[in-house]
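Visitor: I would like a close look at a single part of this model, the place where charged side chains pair with one another. Please take me through that part carefully, and then through what lies around it.

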Amino acid sequence: MIFPKPTSYYEQGFKRSPALERATAPFRVRNALTGAGIVVFCVSVYAYSIMAVRQDDFSDIKLPSHMVGQKMDDNDTPKSA
């Protein structure tokens, strides 16, 4: 059997029954606020990470001696002179 047998909370075609709507109604606002909080947290961590990397100039990283003074093209490969 591909689909499980519908429970009493679902009608034909897996529609939500009024009983399921009543059972989940008290949790809608709390679930929406929790979801919004998770989204805000993820966006703020992403924004902080981008800002932290953007302000770093990577001057403390030593380049190999054969790459010092070479210019790079758009594909990060050394340009031939």
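Guide: In this predicted model, the side chains of Arg28 and Glu21 meet in a salt bridge, with a distance of 2.5 Å from N to O. That value falls inside the limit of 4 Å between a side-chain nitrogen of Lys or Arg and a carboxyl oxygen of Asp or Glu, so the pair counts as a salt bridge. In general terms, side chains of opposite charge can pair when their charged atoms come close. Glu21 also takes part in a salt bridge with Arg16, for which the N to O distance is 2.7 Å. Two salt bridges are counted by this rule, and Arg16, Glu21 and Arg28 are thereby linked in a network.

As for how far these side chains are covered, Glu21 has a relative accessible area of 32% and is therefore partly exposed. Arg28, at 40% relative accessibility, is likewise classed as partly exposed, and Arg16 is partly exposed with a relative accessible area of 42%.

Ser17 makes a useful contrast in this respect, because its relative accessible area of 5% places it among the buried residues. Ser17 belongs to the segment before α1, the helix that covers residues 18–24. When neighbours within four places in sequence are left aside, the residues in contact with Ser17 are Ser8, Tyr9, Tyr10 and Glu11. Burial of this kind has to be read against the whole protein chain, where 2% of the 81 residues count as buried.

Tyr9 and Tyr10, which are contacts of Ser17, also belong to a nonpolar surface patch of about 590 Å², made by these two residues together with Ile2, Phe3 and Phe14. Ile2 lies in the segment before α1, and it counts as exposed because its relative accessibility is 78%. For the protein chain as a whole, the exposed area is about 7800 Å², of which carbon and sulfur atoms supply 63%.

To set the network in the wider fold, the protein chain contains two helices and zero strands. The unreviewed UniProt entry carries the annotation "transmembrane region" for residues 32–53. In the model, that span is 100% helix and 0% strand, and its end C-alpha atoms lie 32 Å apart.

Terms used. Residues numbered from 1 in each chain as written. Predicted model: local features only at pLDDT ≥ 70, side-chain atom pairs only at ≥ 80, totals over all residues. Heavy atoms only, no water. UniProt positions renumbered as here; feature names shortened; annotations may be inferred. Helix = DSSP H or I, 4+ residues; strand = E, 2+ residues; numbered from the N terminus. Buried < 20%, exposed > 50% of the residue type's maximum accessible area, 1.4 Å probe, protein only. Contact = heavy atoms within 4.5 Å. Areas by Shrake-Rupley, 256 points an atom, 1.4 Å probe, with all protein chains shown as cover. Patch = residues over 30% accessible without salt bridge, like charges linked within 9 Å, V, L, I, M, F, W, Y side chains within 5 Å.
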